[in-house]
Amino acid sequence: MAYDAKIMTAALRRFQMDRNKRRAQQEKLTSEVYRRVPRVEQIDQELRGTAAKIIQTAFETDANLESAMANLERDSLDLQRERAELLVGAGYAYDCLDGAPECPQCGDSGYLSDGTPCRCLQKYYTQEQNRRLSKLLDLGGQSFESFSFAWYDKQVWPDYGLSPLQNMEIIRDICGRYAHLFSRRSGNLLFTGAPGLGKTFLSACIARKVSEKGFSVVYDTAAHVFQQFESGKFGRENPFEEDPGEEINRYMNCDLLIMDDVGTEMLTSFVQSAFYRIINDRLINQKKNILSTNLTMDKLRERYGEAVLSRIQGEYQILRFFGQDIRILKIN
């Protein structure tokens, strides 16, 4: 599973801030308890000295070590019992000062013993990723559960052999399965059709669900993607104030890249080459793509060439959107 370094850095920063906040709250609580119940502080000091007493007993006495340790363990349990009774009597939880980690799996470090991010840190990663995706996609309001078929015509369109409603029911089910079952073995999708038919909405639904599963997702417009490639190649001024190298790395290495509005960018030979690289290299590295375009398959061939179209037709499931523009219907 690939992680975006920039997003992980931001997620780790928030993770550490929350961890430090919990530690500060624990220290404040400890000070409060010690002030109200001084005997608890004395007990804690005695308990911290238990290990030293065991070592001292082992080296400075002739007593049987097992017997000495048994006595110290008994004394320790008596102190812990007294401590718990004092805390409960003062209105606190018996273990309120134990400082148990929020996450027992990683001890609040964020990483497991093999160096991989723990599930608790992955949650922060997902939150940060969704926050960034939400700048471009309405992840808050766009989900498979909120998808509405009310705007799609029930009449059969002869050219397609089914109605826009029937078509969207099929497409919605395909997208739902794709998102819920997303993995390295998933395929690629191409959304093609006129504007205002739900392509971006379903892209947002997929982005949200795949991100929640812990995968790295990048959503961007084709124009922005190609701008980054041109800035990185030719050193052109970048109006987006981003590091082209970092952005290109994100595009090429994320688990799922969603490119919207393919075909609206200014066409150059460099754009054709960059698009081929994105399609080809990500296929080779088993990275998944969703492309969204208003162009027909013939127009895609004319614009990007036979090599690109061949890979799309061979490696992508093509979903054709048709119907009336929902945005216009809503206005009327």
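A pocket is an open set of grid points, on a 1 Å grid over the protein atoms alone, with protein on both sides within 12 Å along at least five of seven lines. The exercises below concern a predicted model.

**Exercise 1.** Find how much space lies in the largest pocket, and name the elements that give two or more residues to its lining.

*Solution.* Begin with the volume: about 440 Å³ of space lies in the largest pocket. Next, turn to the lining, which is made up of 20 residues, and the closest of these to the centre of the pocket are Gly196, Leu197, Gly198, Lys199 and Phe201. Finally, sort the lining by element, and you will find that α7 (199–212), β3, β4 and α13 (326–331) each give two or more residues to it.

**Exercise 2.** Work out which strands pair with β4, and in what sense they do so.

*Solution.* Take strand β1 (residues 188–193) to begin with: it pairs with β4 in the parallel sense, over 4 bridges, and within this pairing phenylalanine 191 has serine 292 of β4 as its bridge partner. Then take strand β3 (residues 256–262), which pairs with β4 in the parallel sense over 5 bridges, and here leucine 257 has asparagine 289 as its bridge partner in β4. To get from β3 to β4 the chain passes through helix α10 (residues 269–284), and this β-α-β crossover is right-handed.

**Exercise 3.** Decide whether the residues of strand β4 are buried or exposed, and then look at asparagine 289 in detail.

*Solution.* Strand β4 covers residues 288–293, and 6 of its 6 residues are buried. If you separate the two faces, Lys288, Ile290 and Ser292 lie on one side, while Asn289, Leu291 and Thr293 lie on the other, and both faces are covered. Now pick out asparagine 289, whose place is in this strand. Its relative accessible area is 1%, and because buried means under 20%, asparagine 289 counts as buried. Its side chain is joined to that of tyrosine 316 by a polar contact of 3.0 Å. Leaving aside neighbours within four places in sequence, the residues in contact with asparagine 289 include Tyr178, Leu189, Leu257, Ile278 and Arg282.

**Exercise 4.** Aspartate 108 and aspartate 261 both have a positive phi; find where each of them lies and how accessible each of them is.

*Solution.* Aspartate 108 has a phi of about 70°, although it is not a glycine, and it lies in the loop between α4 (65–89) and α5 (119–133). With a relative accessible area of 10%, aspartate 108 is buried. Aspartate 261, by contrast, lies in strand β3, and its phi, near 60°, is again a positive value in a residue other than glycine. At 32% relative accessibility, aspartate 261 counts as partly exposed.

**Exercise 5.** Describe the surroundings of serine 186, and find how far apart serine 186 and glutamine 286 are in sequence and in space.

*Solution.* First place the residue: serine 186 is found in the loop between α6 (164–180) and β1, where it is buried, with a relative accessible area of 13%. Then look at what surrounds it: a polar atom of the serine 186 side chain lies 2.8 Å from the backbone nitrogen of serine 183, and, leaving aside neighbours within four places in sequence, serine 186 is in contact with Tyr178, Leu181 and Lys288. Lastly, serine 186 and glutamine 286 are 100 residues apart in sequence, while in space they are 8.9 Å apart, taken from C-alpha to C-alpha.

Methods:
Residues are numbered from 1 along each chain as its sequence is written. This is a predicted model: local features need pLDDT of at least 70, side-chain atom pairs count only at pLDDT 80 or more; totals for chains, interfaces and linings use all residues. Side-chain values use heavy atoms; hydrogens and water are left out. Buried means under 20% relative accessible area, exposed over 50%, partly exposed in between (1.4 Å probe, protein chains only). Two strands pair if DSSP finds at least two bridges between them. A crossover is right-handed if, with the strands pointing away from the viewer, the path from the first strand over the helix to the second runs clockwise. A polar contact is a pair of N or O atoms within 3.5 Å; within protein, one must be able to donate a hydrogen and the other to accept it, and residues adjacent in sequence count only if both atoms are side-chain atoms. Contact means heavy atoms within 4.5 Å. On a 1 Å grid over the protein atoms alone, a cavity is a set of points where a 1.4 Å probe fits but cannot get out, and a pocket is an open set with protein on both sides within 12 Å along at least five of seven lines; lining residues have an atom within 4 Å of a point. Grid points are joined across faces, edges and corners, and a volume is the space filled by probe spheres set on the points.
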